[in-house]
Amino acid sequence: MISENSAVETDAGSANDYIREAIRKDLRDGHYRNVHTRFPPEPNAYLHIGHSKAIWINYGIAQDFGGLFNLRFDDTNPEREEQEFVDGIIEDVRWLGADWGDRLCFASDYFDQMYDWAKDLIRKGKAFVCDLSVEELSRTRGTLTSPGENSPFRNRSVEENLDLFERMRAGEFPDGARTLRAKIDMASPNLYLRDPVMYRIRHAEHHRQGNKWCIYPSYDWAHGLEDSIEGVTHSLCSLEYEIHRPLYNWFLEELGIYHPRQIEFPRLKLTHTVMSKRRFIELVKGGYVTGFDDPRMPTLVAMRRRGYRPEAIIEFVRRVGVTKADSVIEFHVLEDCVREDLNRAAPRVMAVLDALKVVIENYPENRDETVQAVNNPEDPLAGSRDVPFSRELYIEREDFQENPQPKFFRLAPGREVRLRYGYFITCVGVVKDDDGNVTELRCTYDPATRGGDSPDGRKVKATIHWLSAAHALPIEARILDHLFKASNPDDVAEGESYLSNLNPDSLRVVRGFVEPSVANAQPGSVYQFERLGYFCVDKDSAPNALVFNRTATLRDTWAKIAAKATPG
RNA sequence: UGCCGGAUAGCUCAAUUGGCAGAGCGCCUGACUCUGGAUCAGGAGGUUCUAGGUUCAAGCCCUAGUCCGGCAGCCA
């Protein structure tokens, strides 16, 4: 149980923002005795990264104040909603770590109560049945700068309204024939107060209610009621509902029922992506991505598939914080959170994505051995593993330059480097094909440097990753980049759509190799391929055909050094 | 020619009641290192949108502007 005092005295965490501030004041002033929030998605799409902000704010605040959090499906429009999305959303919210206890709620469960309350409003003379068509209603609503006009049906008697409303519910009228409207003020500067629609007729099957109803409540009518019924204290929603708040309050006041407080916050916006259901569908239908869970999409299913962990997403929304300013966050902030999380958690493994063969000339032909490799230098408990070593190896083509540029410290003719956890090797020869392409390196190794240390104390300037060619497992690596090349996909020339900003290189498929220790890795497992980045086993992966998504790159300081060293 | 909201470092955000404008990321420099990663240390970076006003004192309060965003579904 939440006592009055415990709620007030609870340390609201390190986060301090205008919402928490307002809640603290409400508790201090005795407006509410506890804190109860909710996340109310409509089950008409998969959740995206933007929703994680709403979840974090609602759940995080409930947590901070020792309060309760509900997961509620705002399923008031049967034409858009499906069970598939209910299931998907539940999975996503749980994955993020929000805990709604036994309070999994559905707005549609309150339809009876809402209907009764609507009749109360009719009896009070505060609602009426209107016969205007969509077009007529739109025309008489007025504009942003001019008042609307009263509906000719505005002064129907209570009896007539009640009768008509009951017949609406009974299914006597076709879709769109009539609506129930609140009677407020057609001259209000706030358009949402100009006799808003409370019920519309929709002869449609609801994913939970079946055909029980043919009238459905509108968002404005339903939402405050849902909050009130559930005992929500603070209804935290995004900024576009700010202008709806007077209406939210009006319904609760006219009904005289328990009155939660609505507070708004700005939506999360990210560069290099889009965040609307309509566009998700366009991207999928147009074949620009493979589905809602394509790892390039900003949906949570996609990010999960890509290897992002909930810890990283929570950290991201925490960093973004809560303010009233509407803003766009750089995508790299998210990536930085992902890197920070994975650096801590991901086991290291060696993989070569652009293989160059190396033959160790002084290593016996028929021998192989194993060397010990540390699984995660950030985590002493992660232990170590055996990695096979033999005469023929693969290294990254990029780790060799025949004519090394300034500040390039890796392999070059005559130069010695360390094979990570292996031996020091020196390049003694370069084999080329007829076109002059390097096809193979001839090297020697120093047996005394086994494990990577030289007994004579000599240093090498670089350590590179490698694979024993005979033991390496072939993999497909999907190198992912921003879906849109422009920071703002809507930044396009006249007549063009955001689709012209699609990044043609957002997916590059590469054939590479990985060490045998990951042979049985399950989809979802994330590794750091040493020096290459973080990679996650994709769901398309099979035991003999491993597929990895590149979750994120490492911070690439070499790219900066190379750029500086290159003239021009 | 409406209503509502916003504007502080490159970006995202802080700044008790009006009381020395700070942090994270990014950037630069250095240290260290068996990932050119990570980590650590240091540094640069501000006319707090503009113009007035109140005050001992203004990012904060007042006035007038400027710019940006949202709003005219029987969507949520």
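**Talking through the fold**

Trainee: What covers the buried residues of α9?
Mentor: Helices (H or I, at least four residues) and strands (E, at least two) are DSSP runs, numbered from the N terminus. Buried means under 20% relative accessible area, exposed over 50%, with partly exposed in between (1.4 Å probe, protein chains only), and contact means heavy atoms within 4.5 Å. For α9, the covering elements include α5 (111-123), β5, β6, α8 (219-230), β8 and β9.

Trainee: Before we go on, which pLDDT do side-chain atom pairs need to count?
Mentor: Residues are numbered from 1 along each chain as its sequence is written, chains are lettered from A and ligands numbered from 1 in the order written, and side-chain values use heavy atoms, leaving out hydrogens and water. This is a predicted model, where totals for chains, interfaces and linings use all residues, local features need pLDDT of at least 70, and side-chain atom pairs count only at pLDDT 80 or more.

Trainee: Back to α9: which residues of it are buried?
Mentor: The helix is followed by G256, which has a positive phi near 70°. Inside α9, the buried ones are L247, Y248, W250, F251, L252, E254 and L255.

Trainee: Is the crossover from β8 to β9 right-handed or left-handed?
Mentor: Strand β8 (residues 234-238) has five of its five residues buried. Two strands pair if DSSP finds at least two bridges between them; β8 and β9 (residues 261-265) run parallel, joined by five bridges, with F265 as the partner of S238. The chain gets from β8 to β9 through α9 (residues 245-255), and a clockwise path from first strand over helix to second, strands pointing away from the viewer, is what defines the hand. Here the β-α-β crossover is right-handed.

Trainee: What is the strand order in the open sheet of four strands?
Mentor: The pairing is antiparallel and the order is β4-β5-β6-β7. Its edge strands, each pairing on one side only, are β4 (127-130) and β7 (215-217), and the twist averages 20° from one strand to the next. Four bridges join β4 to β5 (residues 179-182), where F128 stands opposite R181. So keep the order in mind, by strands as defined from DSSP runs: β4-β5-β6-β7.

Trainee: At what angle does α7 run to β4?
Mentor: Axes are lines fitted to C-alpha atoms, for helices over the stretch in contact, and angles run from 0 to 180 degrees between N-to-C directions. Helix α7 (residues 158-170) lies across β4, β5, β6 (197-201) and β7, and its angle to β4 is about 60°.

Trainee: Which helix gives the most to the largest nonpolar core?
Mentor: A nonpolar core is a set of buried Ala, Val, Leu, Ile, Met, Phe, Trp, Tyr and Cys residues joined through side-chain atoms within 4.5 Å. The largest has 53 residues, and those with the most contacts inside it are I19, I49, V93, F316 and L334. With eight residues, the top contributor is α3 (residues 49-64).

Trainee: And where is the positive phi in the turn between β25 and β26?
Mentor: β26 (residues 533-537) is mostly covered, five of its five residues being buried. Four bridges join β25 (residues 526-529) to β26 in the antiparallel sense, and Q528 stands opposite Y534. The two strands form a hairpin with three residues between them, and the positive phi, about 70°, belongs to R531.
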